[in-house]
Amino acid sequence: MEFLTALLVAYVAIVPVELPDKTFVATLVLSTRYRPLPTWLGVVAAFGVQCAIAVAFGTLLSKLPTRPVQVVAALLFATGAFVLARGARKADAQEKEQEAEFEAKAVEPKRGWRAGAASFAVLFTAEWGDLSQLLLAGLVASGRPMLPTFLGGWLGLATVSGLAVLLGRWLLKRVRLAVIRYVGAGVCAVLAVVTLLSAL
């Protein structure tokens, strides 16, 4: 039960945070340049490495004294809530800028493993130090088990990138990114409060 709960917490934390983020936009742009399947596989592989690094960092933090680490984790979640809420109004304009940025990185058409490798490289560099990494590290540091947190985060990122490949343009036309960012901010705020209460 603890395994499933930790997996679901990580999944629910990651999806609304990453849906309006550059993860979604980058995958969408790459899937218009390359074939969808190798693009998605390359992106998901990059997310696997990023999630593993984040969880490993969180595990190292969890070796420190519990209360200070939980307070720091709560601050990470609160920062995530603030960043998402603050950027919500500018989300649609930022989406256009990010789309242009990733279009410039994917100018040469590629197929097969080359498309997968290019997608891996673009997403790996784009996601370094991203909010999703900080959230996963914070979840593990605050006491949640490592493996289900990793799996939940990875599945969340795989879901977001899958939606970008399959339904990206349709979603962008029908769902306001500002609303999704506010939902993500709410999830981060709840995690911050729960983590802080457990620290106290």
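Guide: Before we start, UniProt feature names are shortened here, and an annotation may be inferred rather than shown by experiment. Also, this is a predicted model.

Visitor: Fair enough. Where does UniProt put the feature "transmembrane region"?

Guide: The unreviewed UniProt entry places it at residues 39–61, 68–88, 151–172 and 179–199.

Visitor: What makes up the span of residues 39–61, helix or strand?

Guide: That span is 100% helix and 0% strand, with its end C-alpha atoms 33 Å apart. It fits the wider picture: the chain has nine helices and zero strands.

Visitor: Why is Ser-142 called buried?

Guide: Its relative accessible area is 11%, and buried means under 20%, so Ser-142 qualifies as buried. You'll find Ser-142 in the loop between helix H7 (131–141) and helix H8 (146–174).

Visitor: How do you know that the side chain of Ser-142 makes a polar contact?

Guide: It reaches the backbone oxygen of Leu-139 at 3.0 Å. The cut-off is within 3.5 Å, so the pair counts as a polar contact. Setting aside neighbours within four places in sequence, Ser-142 is also in contact with Gln-70, Ala-73 and Thr-195.

Visitor: And Val-194, why is that one called partly exposed?

Guide: Val-194 has a relative accessible area of 41%. Buried is under 20% and exposed is over 50%, so Val-194 lands in between and is partly exposed. Val-194 sits in helix H9 (residues 177–199).

Visitor: How far apart are Val-194 and Ala-74, in sequence and in space?

Guide: They're 120 residues apart in sequence and 8.0 Å apart in space, C-alpha to C-alpha.

How values were computed. Residues numbered from 1 in each chain as written. Predicted model: local features only at pLDDT ≥ 70, side-chain atom pairs only at ≥ 80, totals over all residues. Heavy atoms only, no water. Helix = DSSP H or I, 4+ residues; strand = E, 2+ residues; numbered from the N terminus. Buried < 20%, exposed > 50% of the residue type's maximum accessible area, 1.4 Å probe, protein only. Polar contact = N/O pair within 3.5 Å; in protein donor to acceptor, adjacent residues only side chain to side chain. Contact = heavy atoms within 4.5 Å.
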